[in-house]
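This report introduces a protein chain to a reader who has not met it before. Please keep the sequence and the three-dimensional view at hand while reading.

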Amino acid sequence: MMIFAKEVIVPTNSNATVNSSERHRRLKEIFHGGIGALDGTLVHAVVPTDQQTRYMGRGKGECFQNVLGICDFDMIFTFVWVGWEGITHDSRVLKEVAFNPTSGFPFHPPDQYYLCDAAYTNNRGFMTPYRNTRYWLSDYQRRRTLTEEEKFNHAHAQLRNVIERGHTVLKARFPILKRMTPFPFSVQRDIVIACFAVHNFIRKCDIHDELFMAFEEKNDQAQGGENDGQNIHDMEWGSQGNEYMDNLRDQIANQLGSN
């Protein structure tokens, strides 16, 4: 199964036009450097008593492993890293994994980037929303966007929402991710990877699947976020990369504001 996972959890060249609405395709043109969405998700874990404090999931009272995932805009996961303690902040997981030479983290050319929520830093390769501005899709249901920053955040959330839908489909298909069997922890990690692999196989083979159909982009635009109650925390990855992404974000916001 792990060999199979290495074959199906790989970077893709998908433009995700088959299952996308016209609005979604237009947003991808505006975010033309965006190649997918990145986020962490909590998966239930069973660990020895002396390790449970580190795996407690942010006040949830149970143990979890924090799983970092990247998916393209067709809900196919292109990278997965499992096993981090549930208490670990998403930004730290990303920083540790990205700079781990054995992780195989998929970096791309400088003009490409992943869409991330505000738990991360707006830095080279990672585009986040504006802080202190409405972001989650549910925030825009009752009041239209007004400022350029709000328009940017709304568009960003609509595209980045693909990874939240991907995590939702994954956990709906595999209930073991919500209530793990007490296997050795190494086996638990392998189970999580195997679930991602099967998810990708179903999606790549274009199998008629009710779960994927239920969570297509056009049917789920009011979803909130799977922030797991995290406080905002910056990754300090260098001022030059931060300035580059700030300028790029402003350019996109100006473009959206002029439409």
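Helices and strands are here DSSP runs, of at least four residues for a helix and at least two for a strand, and they are numbered from the N terminus. The model described is a predicted one. Read in that way along the sequence, the protein chain follows the pattern α-α-β-α-β-β-α-β-β-α-α-α-α, and its secondary structure comes to 8 helices and 5 strands. Of the 259 residues in the protein chain, buried residues make up 53%. Among the contacts between residues at least 6 apart in sequence, 70% join residues at least 24 apart.

**The sheet**

The strands form an open sheet of 5 strands with mixed pairing, in the order β3-β2-β1-β4-β5. Because β3 and β5 (126–127) each have a single partner strand, they stand at the edges, and one side of each is left without a neighbour in the sheet. Strand β3 (residues 77–85) is nevertheless mostly covered, with 8 of its 9 residues buried.

On one edge, strand β2 (residues 64–71) runs antiparallel to β3 and is joined to β3 by 6 bridges, with L68 standing opposite W81 of β3. On the other edge, strand β4 (residues 113–115) pairs with β5 in the parallel sense over 2 bridges, and the bridge partner of Y114 in β5 is F126. In general, the strands of a sheet pair through backbone hydrogen bonds, either parallel or antiparallel.

Strand β1 (residues 34–44) holds T41, which counts as buried because its relative accessibility is 1%. T41 and Q65 are 24 residues apart in sequence, and their C-alpha atoms are 8.3 Å apart in space.

**Helices on the sheet and against each other**

Helix α4 (residues 90–98) lies across β1, β2, β3 and β5 and runs at about 110° to β3. Helix α5 also packs on the sheet, where it touches β1, β2, β3, β4 and β5, and its direction makes about 45° with that of β1.

Helix α5 (residues 148–173) has a contact with helix α6 (residues 185–204) as well, their axes coming within 10 Å and crossing at roughly 110°. Since angles of 65 to 115 degrees count as roughly perpendicular, α5 and α6 are therefore roughly perpendicular to each other. In this contact G166, V169, L170 and R173 of α5 meet C195, F196, H199 and I202 of α6, and by class the contact has 5 nonpolar, 2 polar and 1 charged residues.

Helix α2 (residues 22–30) packs against α5 with the axes 10 Å apart and an angle of about 110°, which makes α2 roughly perpendicular to α5. The residues that make this contact are R23, H24, L27 and K28 of α2 together with A155, Q158 and L159 of α5. By class, the contact of α2 with α5 has 3 nonpolar, 2 polar and 2 charged residues.

**The nonpolar cores**

In soluble globular proteins, nonpolar side chains tend to be buried together. Which residues have the most contacts inside the largest nonpolar core? They are F31, M127 and I252, in a core of 42 residues. Leaving aside residues up to four places away in sequence, F31 touches Y113, L115, M127, F152, A155, H156, L159 and I252. Apart from this core lies another, of 15 residues, among them F79, F105, A119 and Y120.

**Two residues with positive phi**

Most residues other than glycine have a negative phi. The table sets out two residues with a positive value.

| Residue | Phi | Location |
|---|---|---|
| M75 | about 70° | loop between β2 and β3 |
| D206 | near 55° | loop between α6 and α7 (210–214) |

M75 belongs to the hairpin of β2 and β3, which has 5 residues between the strands. Are M75 and D206 buried or exposed? Buried means under 20% relative accessible area, and exposed means over 50%. M75 therefore counts as buried, at 1% relative accessibility, whereas D206 counts as exposed, at 66% relative accessibility.

Methods:
Residues are numbered from 1 along each chain as its sequence is written. This is a predicted model: local features need pLDDT of at least 70, side-chain atom pairs count only at pLDDT 80 or more; totals for chains, interfaces and linings use all residues. Side-chain values use heavy atoms; hydrogens and water are left out. Axes are lines fitted to C-alpha atoms, for helices over the stretch in contact, and angles run from 0 to 180 degrees between N-to-C directions. Angles under 35 degrees count as roughly parallel, over 145 as roughly antiparallel, 65 to 115 as roughly perpendicular and the rest as oblique. Contact means heavy atoms within 4.5 Å. Ala, Val, Leu, Ile, Met, Phe, Trp, Tyr, Cys and Pro count as nonpolar, Asp, Glu, Lys and Arg as charged, and the others, Gly among them, as polar. Buried means under 20% relative accessible area, exposed over 50%, partly exposed in between (1.4 Å probe, protein chains only). Two strands pair if DSSP finds at least two bridges between them. A nonpolar core is a set of buried Ala, Val, Leu, Ile, Met, Phe, Trp, Tyr and Cys residues joined through side-chain atoms within 4.5 Å.
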